[in-house]
Amino acid sequence: MAQLFIGNEWCESLTRRTHPVINPSTLEKIDQVPESDSKDVDRAVTAAKQAQKEWKKIPGVEKAHLLHEIAQKIRNDNKEIAKLLTLESGKPLIESLDCVEWVAACFDYYAEIGRHERGFSLPPVAPHQVNFTIKEPYGVVACIVPFNFPLLLMSWKVAPAIAAGNTVVVKPAEQTPLSTLRMARAFELLPVGVVNVVTGTGEEVGDPLVRHPDVDMIAFTGSTEVGKGIMRLAADRVKKVNLELGSIDPLIVFEDADLEVAVPGAAWARYLNAGQVCTSSKRIYVAESIAGEFVRRFVEHTKTIRVGDPMNPETDVGPLISEEQLRKVEKQVEKGLKAGGELLYGGKRAPGLKGWYYLPTVITKVKRDNPLFNEEVFGPIAAISTFKTEDEAIEEANNSLYGLGASIYTGSLKTAMRAMEEIKAGSFWINDPLSDNDAGPFGGMRQSGFGRELGLEGLDAFRETKHVHLDYVMERKSYWFPYKNRSVP
Ligand code: NAD
């Protein structure tokens, strides 16, 4: 049975309760994990608070060595970690191996960025003054992570947070805690209490973590609905929050796009991880003049996608995370078709497979008020619409409450730059959807959240600025009391 990781010790929950983690492909139980509650949260936050007193003083270069060692340990154990990630999430093994490497690379990146600078020297306003800023850690950070990229989204928080001198309590999603706990063995390399992991549900563990008086900041990735609740709770104590939330991202295929590239690119951007990606291309807009050919090829390509056992290295798309998620997607497809969408392929559970599988699905004639364009669909559903002009495409892309990412296919620099300038999105991909770069900040506009992960901004998200003013000559100032000595102009 899996255990919690608190103060560098592996332990049971004080509740003694556990819940099973289910393999979404076979529906078999993989393991039992502790179901913590507020008492375990308190233990973990206390360990983190205690550890932070010393951790924040550790020189940057020493922290850098430790973060590189963590990266190395993750790489050494990559196969075992990736296998667990696939077993619990249904992510194809090939993607899990990629993920584990990205996680290690993220620790390497923040090992270096974390020791690069802690602030700036500023021009003073008078002689013999020195002004500078130093950036300080917040203290204890709660890192709350969703099921779809358990390790990657954990590393985007933990690596910069600890590089900045914070200590953390991680809460993985209840569906996918095992790979996180397995990866936590790499955190044994750190001083006691710098990283802690508690497991359980949002209500029993996430909520008390957000409310805990000794948690100074909350780094949350998940749905917009839960994010809004966290923001409300954080307001009570003016806790700092970084919110990475949901989205219904657009992908525009302009008239001049090379369909040899745009078709498989759009399919990957929509079906990757069975469509359970925050930045999945959930609204596809194709120029009317090429739409017939695009859709014909898109359906053909969709038929070639291999759906099945994610442990099989040849599988492209695995199962959805849960029966609940599968039912939700079924309902959303039903509503989308009722609202006028035309089903060209899929639209049902994958036949002959035991797990929570849904066929990659193509639906066209999706209009702007169709629920498929207005509710986030976390499943392999390609919803396609057409447009006549560049203006219309940009307007449709912006017709959303969200603004996490946007992708386009075009060979025209003018079109690409105009769309980039006018479309509201935290990431904008031209001819290469959904690519990340550790040095490139990632995050949302509008109701997709605020704050950034990755890049220098992703480090600054975990530190606050102190302005230091120093006068190296101790002298009485002419502008102090009494004012009677000063003349009124
Ligand atoms: P979710 O909001 O249901 O859960 C996310 C995490 O929050 C889980 O660990 C959950 O246990 C916890 N949680 C739930 N209720 C809580 C509460 N009241 N207090 C504290 N914690 C609570 O999201 P999910 O279903 O796991 O993930 C899918 C969602 O995440 C989608 O909307 C997707 O777009 C979004 N997402 C966003 C990004 C991004 O970077 N913007 C990345 C991945 C996923």
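Begin by selecting helix α13 in this predicted model, where Ala-393, Ile-394, Glu-396, Ala-397 and Asn-398 are buried. Next, display the elements that cover these buried residues: they include the strands β12 (249–253), β13 (281–287), β16 (381–387) and β20 (445–446), together with helix α14.

Keep α13 (residues 390–398) on screen and add α14 (residues 413–422). The two helices pack at an angle of about 30°, and their axes lie 10 Å apart. Angles under 35 degrees count as roughly parallel, and α13 and α14 are therefore described as roughly parallel to each other. Their crossing is right-handed. To inspect the contact itself, show the side chains of Glu-390, Asp-391, Ile-394 and Asn-398 on α13, then those of Thr-415, Arg-418, Ala-419 and Glu-422 on α14, which they meet. Colouring this contact by residue class gives two nonpolar, two polar and four charged residues. Two of the α13 residues shown here, Ile-394 and Asn-398, also belong to the buried set of that helix.

The second stop is another helix pair. Select α4 (residues 93–113) and α5 (residues 150–163), which pack with their axes 9 Å apart and at an angle of about 10°. That angle makes α4 roughly parallel to α5. Viewed as a crossing, α4 and α5 form a right-handed arrangement. On the α4 side, the contact is made by Cys-99, Val-100, Trp-102, Val-103, Cys-106, Phe-107 and Tyr-110. On the α5 side, select Leu-151, Leu-152, Ser-155, Trp-156, Val-158, Ala-159, Pro-160, Ile-162 and Ala-163. By class, the contact of α4 with α5 comprises 15 nonpolar residues, one polar residue and no charged residue. The contact of α13 with α14, by comparison of the listed counts, has four charged residues.

The final stop is a sheet. Select β5, β6 and β22, which form an open sheet of three strands in the order β5-β6-β22, with antiparallel pairing. The edge strands are β5 (121–122) and β22 (463–471), each of which pairs on one side only. Now zoom in on β5 and strand β6 (residues 129–137): these strands run antiparallel and are joined by two bridges. Which residue of β6 is the bridge partner of Ser-121? Selecting Phe-132 in β6 shows that partner.

Key. Residues are numbered from 1 along each chain as its sequence is written. This is a predicted model: local features need pLDDT of at least 70, side-chain atom pairs count only at pLDDT 80 or more; totals for chains, interfaces and linings use all residues. Side-chain values use heavy atoms; hydrogens and water are left out. Axes are lines fitted to C-alpha atoms, for helices over the stretch in contact, and angles run from 0 to 180 degrees between N-to-C directions. Helices (H or I, at least four residues) and strands (E, at least two) are DSSP runs, numbered from the N terminus. Angles under 35 degrees count as roughly parallel, over 145 as roughly antiparallel, 65 to 115 as roughly perpendicular and the rest as oblique. A crossing is left-handed if the near helix is turned anticlockwise from the far one by less than a right angle, and right-handed if clockwise. Contact means heavy atoms within 4.5 Å. Ala, Val, Leu, Ile, Met, Phe, Trp, Tyr, Cys and Pro count as nonpolar, Asp, Glu, Lys and Arg as charged, and the others, Gly among them, as polar. Two strands pair if DSSP finds at least two bridges between them. Buried means under 20% relative accessible area, exposed over 50%, partly exposed in between (1.4 Å probe, protein chains only).
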